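Please take the sequence and the structure below together, and follow the account from one region to the next.

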Amino acid sequence: MSDALRTALDQVRTREVERRDVLRMLGLGAAASAGLPTLTQYAYAQDTAPASSVIAGKSDDLIVHNDRTGVLETPLEMLREHRITPKDLLYIRNNQIREPEGRSTDGASLTGWTIELMGSVAFPRIVDAATLADLPQEEVTMVLQCSGNGRSFFARSVRTRGTQWAHGGMGQVTFRGPKLSALLESFDPPVAPRDVANFVTAEGADQPPEGASRPDFEHSLPIGDVMDGAILAIEMNGEPLSGAHGGPVRLVVPGYYGTMNVKWLSRLRFEAAESNNVNQIPRYRIPNDPIEPGTPIDYTHENSTPNWRQRIKSTIFSPLNEAAVSAGSVEVTGVAWNDGVAPLTSVQISTDNGATWHAAEFDAPTGAYGWHEFRATVELPAGEHRIWSRAIDARGQAQPIDGSILWNPSGYEWNGADYVDVVAS
Ligand SMILES: Nc1nc2c(c(=O)[nH]1)N[C@H]1C(S)=C(S)[C@@H](COP(=O)(O)O)O[C@H]1N2
Ligand SMILES: [Mo]
């Protein structure tokens with residue numbers, strides 16, 4: 001597929017150009033439109049290697065954004081089929097990869113794996129990962145979501161650099177493992193963070209690609225949330241943690257964006273300040289104050305915040321965008337979630353571009369960090385319609401109708417109200 005066509009497809013997903021323009025590029029006239037494959041099928045027609053050859057065990061139905069380190073997106077049609085996203089369908093985002101563990105969805109072995117606990121702590125240690133299984137286990141069902149998920153929708157104002165994720169840079173999974181705090185306390189004497197430690201910086205055992213100048217991947221997280229919530233995951237969805245998803249041990253901080261859940265965990269540094277690693281600054285940050293779409297920003301620790309807590313969000317699962325539906329009562333379903341700090345209070349649907357909103361019914365999530373499934377029935381006369389969804393929580397946080405108000409140069413943390421366009425007949 002040519003770059004121009006790829007760009008055009010991205011733009012169609014974000015409705016910048018019309019489907020007919022892409023058909024023209026493909027050399028298909030308007031007369032050919034009847035019985036054409038859907039746009040998503042075009043998107044799968046890629047000249048990248050199939051997902052299963054990038055990471056063994058991944059479904060070839062995944063959209064391959066990068067076939068070297070592995071950046072794989074779950075099509076919405078598949079994401080919506082499962083309450084817990086199975087490992088063959090769960091998205092992958094690798095800046096770099098741990099060989100060989102990262103190349104397979106099989107569980108990775110704890111034998112011989114170690115995690116170093118160091119920095120501003122009394123009694124630093126090297127932990128034998130096999131001992132993690134002997135500690136009390138915590139289980140959390142949560143939305144794992146790339147902070148770039150939905151990046152393609154920023155193109156409604158100004159397109160941003162990076163993988164043009166649609167909706168499928170996320171999934172719902174169940175992680176299990178001991179709490180980090182329990183591990184620290186399990187030693188005699190305990191590994192005690194000192195008062196000066198404000199952040200925990202997590203390193204993975206993956207390496208930058210050979211010859212690459214980019215430094216190793218790491219992230220710093222606020223120590224309070226890490227000590228309260230972090231688990232050292234050794235299982236996912238009831239099985240030993242998949243190597244592709246960070247096995248044998250992954251730092252998991254429920255409510256945080258995927259990027260902060262460092263895979264192939266090899267070291268935790270307790271530190272006074274945030275890391276200056278490129279993945280902490282300027283990558284994976286957004287400005288604290290709104291900026292005009294298209295404006296560059298010089299990131300500092302003070303004027304910006306890392307992609308830590310997930311923004312409130314909803315995603316429509318049905319109908320799919322560009323679906324043909326029968327006029328009359330149409331069922332709208334989807335999922336909504338936030339960072340788990342305050343409960344969701346409502347999920348609302350609009351069919352008049354936000355003039356009026358109707359409450360959808362929604363289920364309780366599996367714990368604070370899972371997604372709520374919602375459903376509503378809307379009445380659609382024959383014609384074209386745009387169906388919107390937005391979620392609101394107990395802190396009064398709501399999805400913006402125009403997600404571009406959170407525009408940032410790298411297109412992180414998209415959480416605009418979702419919509420699909422349908423034709424009722
Ligand atoms: N060690 C390591 N951890 C990592 C990454 C990485 O490249 N290396 N990518 C991060 C990013 S950006 C995301 S979105 C999630 C993706 O998790 P997944 O591949 O298990 O879906 O892993 C995060 N943890
Ligand atoms: Mo990510």
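In what follows, strands and helices are DSSP runs numbered from the N terminus, a helix being a run of H or I with at least four residues and a strand a run of E with at least two. In this predicted model, that numbering places Glu 413 in the loop between β26 (383-393) and β27 (418-424), and Glu 413 has a positive phi of about 60° although it is not a glycine. Phe 123, which lies in the loop between β5 (121-122) and β6 (125-128), likewise has a positive phi, near 60°, and is a residue other than glycine. As a general matter, most residues other than glycine have a negative phi, and most peptide bonds are trans.

Two cis peptide bonds can be considered alongside these residues. One runs from Asp 188 to Pro 189, with omega near 0°, and Pro 189 belongs to the loop between α6 (180-186) and β9 (192-193). Another joins Ser 318 and Pro 319, where omega is about -5°, and Pro 319 is situated in the loop between β19 and β20 (324-325).

The strand β19, which precedes that second loop, leads to an open sheet of four strands, ordered β19-β21-β25-β24 and paired in the antiparallel sense. Its edge strands are β19 (313-318) and β24 (361-362), each of which pairs on one side only. Within this sheet, strand β21 (residues 328-337) and strand β25 (residues 372-380) run antiparallel and are joined by nine bridges, with Phe 374 of β25 as the bridge partner of Gly 334.

Another open sheet has three strands in the order β1-β2-β3, again with antiparallel pairing. Here β1 (63-66) and β3 (92-93) stand at the edges and have a single partner strand each, so one side of each is left without a neighbour in the sheet. The antiparallel pairing of β1 with strand β2 (residues 71-73) extends over three bridges, and Leu 72 in β2 is the bridge partner of Val 64.

There remains the ligand. Which residues come nearest to ligand 1? Of the 20 residues around it, they are Tyr 91, Asp 206, His 245, Arg 250 and Lys 263, and the shell divides into eight nonpolar, eight polar and four charged residues. A polar side-chain atom of Asp 206 lies 2.7 Å from a nitrogen atom of ligand 1, while side-chain N or O atoms of His 245 and Lys 263 are 2.7 Å and 2.5 Å, respectively, from an oxygen atom of the ligand. Taken alone, ligand 1 exposes 530 Å², of which the protein buries 100%, and the space that ligand 1 takes is the largest cavity.

Definitions and conventions:
Residues are numbered from 1 along each chain as its sequence is written. Chains are lettered from A and ligands numbered from 1 in the order in which they are written. This is a predicted model: local features need pLDDT of at least 70, side-chain atom pairs count only at pLDDT 80 or more; totals for chains, interfaces and linings use all residues. Side-chain values use heavy atoms; hydrogens and water are left out. A residue is near a molecule or strand if one of its heavy atoms lies within 4 Å of it. A polar contact is a pair of N or O atoms within 3.5 Å; within protein, one must be able to donate a hydrogen and the other to accept it, and residues adjacent in sequence count only if both atoms are side-chain atoms. Accessible areas come from the Shrake-Rupley method with a 1.4 Å probe; for residues, only the protein chains shown count as cover. On a 1 Å grid over the protein atoms alone, a cavity is a set of points where a 1.4 Å probe fits but cannot get out, and a pocket is an open set with protein on both sides within 12 Å along at least five of seven lines; lining residues have an atom within 4 Å of a point. A molecule sits in a cavity or pocket if more than half of its atoms lie within 2 Å of its grid points. Ala, Val, Leu, Ile, Met, Phe, Trp, Tyr, Cys and Pro count as nonpolar, Asp, Glu, Lys and Arg as charged, and the others, Gly among them, as polar. Two strands pair if DSSP finds at least two bridges between them.
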